[in-house]
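Let's take a walk through this structure, one stop at a time. Keep the view open as you read.

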Amino acid sequence: MNLPKRMLVANVAWAQEMGRREPNLFRALAMGQKPQVLWIGCSDSRVPAETITHCAPGDLFVHRNIANLLHLDDDNTMSVLEYAVCELRVAHIIVCGHYGCGGVRASLLPPADTLPHFNRRIRPLCALAHTHHAALARLPSEEARINRLVELNVLEQVRLLREHPLVRERAPSPLVHGWIFSLNDGQLRELESGFEPETTKAIAPV
Ligand SMILES: [Zn+2]
């Protein structure tokens, strides 16, 4: 059986299993969506948003592109942000990068002649790498440089989102979080939280 055929067969089994586990699921999904989270992640096949967070259909509104970049002049990216914030009124926006990202790796190498679209897409990453060139150059290995740039990239996308009028001027404003996924152990790490840091509660004198 070829792969697409196997996927269609697997879908039948999945639909039956989901229907058994949650008899009202598909009826509820057919009525509409009310996701709480906009997920902006990398297209990398190893970082599937719903799988790594144990989320179900209806939980996440997802936008994925190479190296989880927010392109402010790209209608694809911006229409997803606009719809998520203005129509779905998501409470959270999560930017999720991952260590070992191929898009980030490419931004530290000479551009590939065969990939003009790809090269254009990762231009902001090349600029970010240039900005942090001195700090990156001090790191001991290529892997360390890539992984640090992965982190800087997530922080940059979080900054862009927080500063964007669609997010900033919304009341209440969605909280923007920056996460990193590690392919080595399958775990997510919170790089930047949208929540205020917990203040130390004053202890009343007795
Ligand atoms: Zn990636």
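Start at Ala49, which sits in helix H3. Bear in mind that this is a predicted model. Is Ala49 buried or exposed? It has 21 other C-beta atoms within 10 Å, so it counts as buried, the cut-off being 20 or more. Setting aside neighbours up to four places off in sequence, the contacts of Ala49 are Trp39, Gly41, Cys55, Leu60 and Val62. You can also use Ala49 to look across to Gly186: the two are 137 residues apart along the chain, yet their C-alpha atoms are separated by 12 Å.

From helix H3, step back into the loop that links strand S1 (37-42) to helix H3 (49-53), and you'll find Asp44 there. Asp44 is one of the residues under the UniProt annotation "binding site", which comes from an unreviewed entry and also covers Cys42, His98 and Cys101. These residues are spread over 60 residues of sequence, but they cluster in space, with a largest C-alpha distance of 8.9 Å. As the annotation may be inferred rather than shown by experiment, take it as a label from the record.

How do two of these annotated residues sit in the fold? Asp44 has 19 C-beta neighbours inside 10 Å, so it counts as partly exposed. Leaving out residues up to four places away in sequence, Asp44 touches His98, Cys101 and Gly102. His98, for its part, belongs to strand S3 (residues 92-98). With 24 other C-beta atoms within 10 Å, His98 is buried. Which residues does His98 touch, not counting those up to four places away in sequence? They are Cys42, Asp44, Val47, Val150, Ile180, Phe181 and Leu183.

Next, have a look at some backbone oddities. In the loop between strand S2 (60-65) and helix H4 (75-87) you'll come to Ala67. Ala67 isn't a glycine, but its phi is positive, at about 70°. Asn68 lies in the loop between S2 and H4 too, and here again a residue that is not a glycine has a positive phi, this one about 40°. Are these loop residues buried or exposed? Ala67 has 27 C-beta neighbours inside 10 Å and so counts as buried. Asn68 is buried as well, with 28 other C-beta atoms within 10 Å.

Another backbone feature turns up further along the chain. The peptide bond joining Ala171 and Pro172 is cis, with omega about -5°. To find the spot, look in the loop that runs between helix H10 (165-168) and strand S4 (175-181), where Pro172 lies.

Last stop: helix H7, which spans residues 123-131 and has Leu125, Leu128 and Ala129 as its buried residues. Try looking down the axis of H7: the buried residues fall within an arc of 100°, so they line one face of the helix. What covers these buried residues of H7? The cover includes helix H5 (102-107), helix H8 (133-137) and helix H9 (142-163). Now turn to the face of H7 that points away from the buried side, and you'll see the exposed residues Ala127, His130 and Thr131. That gives H7 a face lined by Leu125, Leu128 and Ala129, and a face turned away from it that carries exposed residues.

Terms used
Residues are numbered from 1 along each chain as its sequence is written. This is a predicted model: local features need pLDDT of at least 70, side-chain atom pairs count only at pLDDT 80 or more; totals for chains, interfaces and linings use all residues. A residue is buried if 20 or more other C-beta atoms lie within 10 Å of its own, exposed if 12 or fewer, and partly exposed in between; C-beta atoms are placed from the backbone. Helices (H or I, at least four residues) and strands (E, at least two) are DSSP runs, numbered from the N terminus. The arc is that of the directions from the helix axis to the C-beta atoms. Two residues are in contact if their C-beta atoms, placed from the backbone, lie within 7 Å.
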